[in-house]
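Welcome! Let's look at this structure together and ask what stands behind the words used for it.

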Amino acid sequence: MYRYDEFDHAFVAARVDQFRDQVGRRLSGELAEDAFKPLRLMNGVYLQLHAYMLRVAIPYGTLNAVQMRMLAHVARKYDRGYGHFTTRQNIQYNWPKLSDTPDILQELASVEMHAIQTSGNCIRNVTADHFAGAAQDEFADPRPYAEILRQWSSVHPEFSFLPRKFKIAVTGAERDRAAIQVHDIGLHVKKDESGNLGFAVYVGGGQGRTPMIAKKIKDFLPEEDMLSYITAIVRVYNLHGRRDNKYKARIKILVHETGTEELTRQIDAEFANLKDSVLKLPDADIRAIESYFALPDLVERPEGWEVLAKAKKADDGFATWLGQNVQPHKHPDYGMVTISLKPIGGIPGDASDAQMDLVADLAERFGFDEIRVSHEQNLILPHVAMADLPALYQALSSANLGTANAGLITDIIACPGLDYCALANARAIPVAQAISTRFGSQARQAEIGELKIKISGCINACGHHHVGHIGLLGVEKKGAELYQITLGGSGDENSSIGEIIGRGFEPEKVTDAVETVVETYLALRLDPKETFLEAYRRVGPKPFKEALYGGASAEAA
């Protein structure tokens, strides 16, 4: 895990002192809200419906037990006893007092955490595969590259005031678990025929008002050219991105309006001027940062398989959890554990201070002091010995963290929605809770299989509804909340934007509508192994429209 150097410590401390002065001037009335707004946003502080909100950065979703305990402490001391883990692998606190935010940032700085660039028109928190460094299908750990990008982009003098927010994701595995094709820039670590590391480069993805899948503009970019090429991309965007209309300011619009071929030409021309500059990454520097992310000392634990066999036989709940929430590790005696923050009927992504403290304890006891946050709003222990899984499961279950639903219909992504967000048109949390409760039976979830539901409370798509197998978008119509359904979205290596299926449903009817979609899928799938997404791509929207709206009205819908 990366550790701050002297510059990092001094810079973050100076930023805290600066913000403390700014908050003091705001509270005294010396600074008006309009003048204070860009300053607080630079430090991750939003003004929501009922209170301020603080968004804390968790770079590439990686943290240790000390940092997790600090997050628990902040929730307990300064908030209402919980935090909300987000689709950007960060954490949000919904109820801090503005007067307390400098103290919170100072305490976070003591464990090498901050809230810089978690908001504003800058390069946001760089995200990565939550199984990075442990997954069997990995070409290389993407986190060293994400860390290089973090260092490069932090308060970058040229890119601190971009036309709009800018998001980068990196994955190092064959399976894309970082949703790189719906980011402004997506990097997919590859190896060429000679075994050299590099990247496939995607540009112009995004969700929101105008969802688009990114265009691949480079099949293989050598790793030493990463910063030069990324700089070229952002420089072209900064020069030509629209500043007259925030709804058309993202790089995806520039790609669409300029054309992929012409934009690539401009990027390559800029890259030619930068390729041999100080931005070229020395191999020694890459390898030095890579060393911070080395695998822990995973000693052989062959007894784990016998332990698992006995535990599965003795406890059906453990057997179900093992099959759903534990994935194979590079080392055969270990597993990658998903800690679900989606208890049946619960609020997706929320964790209490006590739960965060427990996860910290378990990470030290069983997980080599390493924790990940996934963009799917769950927590991960990436290195757990098979022999320790029964004890880990018992500890998690005692804290309502042992739900066996990773990747299933109740593992729902949802934004805070109208319960908190000033931009939202509709609630997302109650809808997620109702759907989770309806489909909470373990047997029913197993029958349905892999199915990703994602819910957004407004068109900004913080709940990633566009790439949900079933997506729900809350809209407002004549003062009432409605939920528009999209089907067939995906955020993996075969990304797709979901199709709007028809008119929206009232809050009390949306769960029934989801059930109709699910039952239609179960009736038409070829066999139990055909997933919802596979079935939808085979048959298209027609049978689902007919089931939801009826034959004649399906055409009108």
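Q: What makes a residue nonpolar, charged or polar here?
A: Ala, Val, Leu, Ile, Met, Phe, Trp, Tyr, Cys and Pro count as nonpolar, Asp, Glu, Lys and Arg as charged, and the others, Gly among them, as polar. By these classes the lining of the second largest pocket holds 11 nonpolar, 18 polar and 12 charged residues.

Q: How do you know what to count, and how are residues numbered?
A: This is a predicted model, where local features need pLDDT of at least 70, side-chain atom pairs count only at pLDDT 80 or more, and totals for chains, interfaces and linings use all residues. Side-chain values use heavy atoms, with hydrogens and water left out, and residues are numbered from 1 along each chain as its sequence is written.

Q: Why are β17 and β18 called paired?
A: Two strands (DSSP runs of E, at least two residues, numbered from the N terminus) pair if DSSP finds at least two bridges between them. Strand β17 (residues 453-456) and strand β18 (residues 470-477) have 4 bridges and run parallel, so they pair. Here Ser-456 stands opposite Leu-473 in β18.

Q: What makes β18 and β19 a pair too, and which residue in the turn has a positive phi?
A: They are joined by 8 bridges, so they meet the rule of at least two; β19 covers residues 480-487, and the two strands run antiparallel. Lys-477 stands opposite Ala-480 in β19. The two strands form a hairpin with 2 residues between them, and Lys-478 in the turn has a positive phi of about 55°.
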